[in-house]
Amino acid sequence: MSRLSDMLPLSPLQRGMLFHSLYDEGGLDVYAVQVTVELRGPVNGDRLRAAAGGLLRRHPNLRAGFWHEGVPEPVQFVPTELGLPVADLDLAGLPAQERAEALETATRTALAERFVLHRPPLLRLLLVRLGPADHRLVVTAHHILVDGWSMPLLVRDLLDLYDHCGDTSALPAVRPYRDHLAWLARQDTDAARRAWAEALAGLDAPTLLTVPDPGRAPVRPGVRETMLPEGMTAALTALARRCGITPSTLVQCAWAMLLGVLTGRDDVVFGLTVAGRPAEVPGSESMVGLFINTVPVRVALRPAEPFDRLLRRVAAEQARLLDHHHLGLDDVQRQAGLGDLFDTLVVIENYPVDPSARAPLAGGATVGEIGARDATHYPLTLAVGLGKRIVLQTEYRPDVIDARHAESITRRLVRLLEQVAVASAVPVGRFDLLDDDERARLRTEGTGPSRPVRAGTVADRFAERAAVSPGATAVVCGQASLTFAQVSG
């Protein structure tokens, strides 16, 4: 490896991801993310390799490796120079079905291959040729380098550099990721701890859907996805606007209500992924790196409170914590003194650019569909895509939540959103989360055969029993007991 150009601290979430990656170095690392870009037209491999090199020069933090041994705190080290190989795979000669299967195998293999965090680059490119004018560019990275907001920016820069044969001077200047890390270092940690301690005061237990098991091996999640109709999305968006909140807060409140039903709690907590791109760092919206953080959202559920008032209350409670989203999750949870507070996560997906909307590449290739894959270590993650139609994607660990249960959770959430879209003033405790099939099962499952019951009261039955067996035990309380005769007397 070449000489180092920089040594950087880690953000709070980078520390968490480093821990999870080191915890089980031989198993699956779920913190690998992948984007597959459809390219229609000729693709020049040399141009792409030049663009890959330019990408690492433009964003030095993409050259970073991570080291934790023999140092007071983990660090990320940035080599002065680092190559980014581009692997080639030619599937053009295969029949259509075999070609599709081979492409799926190749992308899954690239995602499953572990990154060694102290051996950068933690990024790999694969160019798959499916035909003379049909290619897939597969970009796989470790999540410790980039967040979901950054991936479209990374792809956009890579394609722009392809147009300019890797010449970074042809692109607008970008602020370095180290500026964000410097901003983090300036924040008031003690003030943040006090704010979170106040927000979590009185919480008596975590909110868990599953039984905790720290030794549980990582697995790739199952996925259930539902797209809400445009009319329903518009109604929910209008409700959020009337209440002066974001659609994100509306979905979070609905999720809190469902979580309360699923866990039997009226004081629930779930995780929320926050953007972490502060306005105090100009240009942060165009920076590539890991800015996000995970923070707890606590929602007290009051059955008599109208849903629209719940929305406004939760929005106000969250607003008081906005300046403290930088504090690491471990530190936040210590303020409650209960260990892990939740095992479900909500992620709001709202990306800054659409690389497929760009002009054709040099040579005439156009960008088509773009697909993404990622995961978390949580048993259940609700990813919410905001747009003309809200997309609800439930990602679940199939070893602890089966597909039927995951489907039921998604269906209940949709049912709840349908109701709040048209009746936002209804009290929280009055919403119906069961569909017709679930209600029918409740009426029939667990019931035995019916038997006729004689006329009369409980007192009548007691008197009959006392007459037949006056000396039999009728009532027991601790060590004491009374017979039927004693009670009757």
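**Exercise 1. Decide whether D399 is buried, partly exposed or exposed, and describe its surroundings.**

Solution.
Step 1. The relative accessibility of D399 is 43%. Buried means under 20% and exposed means over 50%, with partly exposed in between, so D399 counts as partly exposed. The model is a predicted one.
Step 2. D399 sits in the loop that lies between strand 14 (391-396) and helix 11.
Step 3. When neighbours within four places in sequence are left aside, D399 is in contact with R216, A217 and V219.
Step 4. For one of these, R216, the separation from D399 is 183 residues in sequence, while the C-alpha to C-alpha distance is 9.3 Å.

**Exercise 2. Find where R397 lies, and state whether R397 is buried or exposed.**

Solution.
Step 1. R397 is placed in the loop between strand 14 and helix 11.
Step 2. Its relative accessibility is 7%. The limit for buried is under 20%, so R397 counts as buried.
Step 3. Residues up to four places away in sequence are not counted here; beyond them, R397 touches R216, A217, P218, V219, H377, Y378 and P379.
Step 4. R397 and T376 are 21 residues apart along the chain, and their C-alpha atoms are separated by 9.5 Å.

**Exercise 3. Describe how helix 7 and helix 11 cross, and which residues make the contact.**

Solution.
Step 1. Two packed helices are described by the angle between their axes and the distance between the axes.
Step 2. Helix 7 covers residues 230-243 and helix 11 covers residues 403-422; their axes come within 9 Å and cross at roughly 60 degrees.
Step 3. Angles under 35 degrees count as roughly parallel and 65 to 115 as roughly perpendicular, and helix 7 and helix 11 are therefore oblique to each other.
Step 4. The crossing of helix 7 and helix 11 is left-handed.
Step 5. Helix 7 contributes M232, A235, L236 and L239 to the contact, and helix 11 contributes V414, L417, E418, V420 and A421.
Step 6. Sorted by class, this contact of helix 7 with helix 11 holds eight nonpolar residues, no polar ones and one charged.
Step 7. T233 is also in helix 7. T233 is buried, with a relative accessible area of 2%. Apart from its neighbours within four places in sequence, T233 is in contact with L228, G387, K388, R389 and I390.

**Exercise 4. Work out the geometry of helix 8 and helix 11.**

Solution.
Step 1. The axes of helix 8 (residues 247-263) and helix 11 come within 10 Å and cross at roughly 125 degrees.
Step 2. Helix 8 and helix 11 are therefore oblique to each other.
Step 3. Helix 8 passes helix 11 in a right-handed crossing.
Step 4. On the side of helix 8, the contact is made by L250, A254, W255, M257, L258, V261 and L262. On the side of helix 11, H405, I409, R412, L413, L416, L417 and V420 take part.
Step 5. The contact of helix 8 with helix 11 divides into 12 nonpolar residues, one polar and one charged.

**Exercise 5. Characterise the packing of helix 2 and helix 4.**

Solution.
Step 1. Helix 2 (residues 45-58) packs against helix 4 (residues 150-163) at an angle of about 125 degrees, and their axes are 8 Å apart.
Step 2. This makes helix 2 oblique to helix 4.
Step 3. The crossing of helix 2 past helix 4 is right-handed.
Step 4. R47, L48, A51, A52, G54, L55 and R58 of helix 2 meet L154, D157, L158, L161, Y162 and D163 of helix 4.
Step 5. By class, eight nonpolar, one polar and four charged residues make the contact of helix 2 with helix 4.

**Exercise 6. Trace the open sheet of five strands, then the hairpin of strand 15 and strand 16.**

Solution.
Step 1. The strand order in the open sheet is 5-6-7-2-12, with mixed pairing.
Step 2. Strand 5 (86-90) and strand 12 (366-373) each have a single partner strand, so one side of each is left without a neighbour in the sheet.
Step 3. Direction ignored, neighbouring strands of this sheet are turned by 20 degrees against each other on average.
Step 4. Strand 2 (residues 32-40) pairs with strand 7 (residues 134-142) in the antiparallel sense over nine bridges. A32 stands opposite H142 in strand 7.
Step 5. Strand 15 (residues 473-477) and strand 16 (residues 480-483) also pair in the antiparallel sense, over four bridges. V476 stands opposite S481 in strand 16.
Step 6. The hairpin of strand 15 and strand 16 has two residues between the strands, and G478 in the turn has a positive phi of about 65 degrees.

Note on methods: Residues numbered from 1 in each chain as written. Predicted model: local features only at pLDDT ≥ 70, side-chain atom pairs only at ≥ 80, totals over all residues. Heavy atoms only, no water. Axes fitted to C-alpha atoms, helices over the stretch in contact; angles between N-to-C directions. Parallel < 35°, antiparallel > 145°, perpendicular 65-115°, else oblique. Left-handed = near helix turned anticlockwise from the far one by under 90°. Contact = heavy atoms within 4.5 Å. Nonpolar A, V, L, I, M, F, W, Y, C, P; charged D, E, K, R; others polar. Pairing = 2+ DSSP bridges. Buried < 20%, exposed > 50% of the residue type's maximum accessible area, 1.4 Å probe, protein only.
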